Amino acid sequence: MHAQPESSVMKALNFTQQSSPIPDRHWIFLSTSYSLHSLIDLLKTLLNRHQPCTVIHGLTQLNSPFFPDELTRLESTFRGLLKTYYVFGSPTPAYPALDLLESLTNTFPVSELSFILTDTEEWVDSVLEHLLFLEIPQSQIHLLETIN
């Protein structure tokens with residue numbers, strides 16, 4: 001298991017205050033059905049502040065519960081600022097997500113990207129390891145701790 005990023009509590013949570021500065025970044029969220037609710041408010045805050053966001057939503061079963069209506073509504077409302085990708089993998093969506101992450105890091109300058117993961121994913125270690133392999137600085141990887 002790789003060491004967690006230096007900021008185990010995601011600093012981006014402070015962005016909910018209107019006066020808080022937000023780095024000019026493209027925010028990439030990695031979620032599953034079980035963590036999307038933890039990310040949705042932060043996602044809305046960043047979109048309301050005109051920050052581009054990408055959601056990689058992992059499914060482990062084709063009939064997994066997830067919130068496509070909320071993501072679809074946000075994509076429609078924030079056209080051009082939000083893009084959602086659904087990846088499927090069993091027993092984990094890590095491998096298709098890793099391919100997509102690599103594609104995104106080749107599309108955008110790495111210095112403009114920030115990644116938001118939650119601690120509820122069984123695949124977070126694989127994703128974190130891959131981001132570090134892609135030479136993403138740890139300061140650009142944020143782990144959102146969820147309260148169960």
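Over how many bridges do strand 1 and strand 4 pair? Keep that one in mind while you look at the structure, and remember that this is a predicted model.

Okay, the sheet. There are 5 strands in an open sheet, paired in parallel, and the order reads 3-2-1-4-5. At the edges you'll find strand 3, residues 82-88, and strand 5, residues 141-144, and each of those pairs on one side only. Going from one strand to the next, the twist averages 20°.

Back to my opening question. Strand 1 covers residues 26-32, strand 4 covers 113-118, and the two of them run parallel and pair over 4 bridges. If you want a spot to click on, try His26, whose bridge partner in strand 4 is Leu113.

Now the helices. Helix 1, residues 36-48, packs on that sheet, and it touches strand 1, strand 2 (53-59), strand 3, strand 4 and strand 5. Its direction makes about 160° with that of strand 1.

Then there's helix 4. Helix 4 lies across strand 1, strand 4 and strand 5, and it runs at about 160° to strand 4. Which residues of helix 4 are buried? Within its span of 124-133, they are Val124, Val127, Leu128, His130 and Leu131. Looking down the helix axis, those buried residues fall within an arc of 165°, so they line one face of the helix. The spacing fits a general rule: an α-helix has 3.6 residues a turn, so residues three or four places apart point the same way.

Last bit: two backbone oddities. As background, most residues other than glycine have a negative phi. So what about Glu135? Glu135 isn't a glycine, yet its phi is positive, about 65°. You'll find Glu135 just after helix 4, in the loop that leads from helix 4 to strand 5. And is Glu135 buried or exposed? Exposed: the relative accessible area of Glu135 is 65%.

The other one is His50. Phi of His50 is also positive, near 65°, and again we're talking about a residue other than glycine. His50 sits in the loop between helix 1 and strand 2. With a relative accessible area of 61%, His50 is exposed.

So, to recap while you rotate the thing: an open, parallel sheet of 5 strands, helix 1 packed on that sheet, and helix 4 across strand 1, strand 4 and strand 5. Add a positive phi at His50 and another at Glu135, and that's my tour.

Conventions
Residues are numbered from 1 along each chain as its sequence is written. This is a predicted model: local features need pLDDT of at least 70, side-chain atom pairs count only at pLDDT 80 or more; totals for chains, interfaces and linings use all residues. Side-chain values use heavy atoms; hydrogens and water are left out. Buried means under 20% relative accessible area, exposed over 50%, partly exposed in between (1.4 Å probe, protein chains only). Helices (H or I, at least four residues) and strands (E, at least two) are DSSP runs, numbered from the N terminus. The arc is that of the directions from the helix axis to the C-beta atoms. Two strands pair if DSSP finds at least two bridges between them. Axes are lines fitted to C-alpha atoms, for helices over the stretch in contact, and angles run from 0 to 180 degrees between N-to-C directions. Contact means heavy atoms within 4.5 Å.
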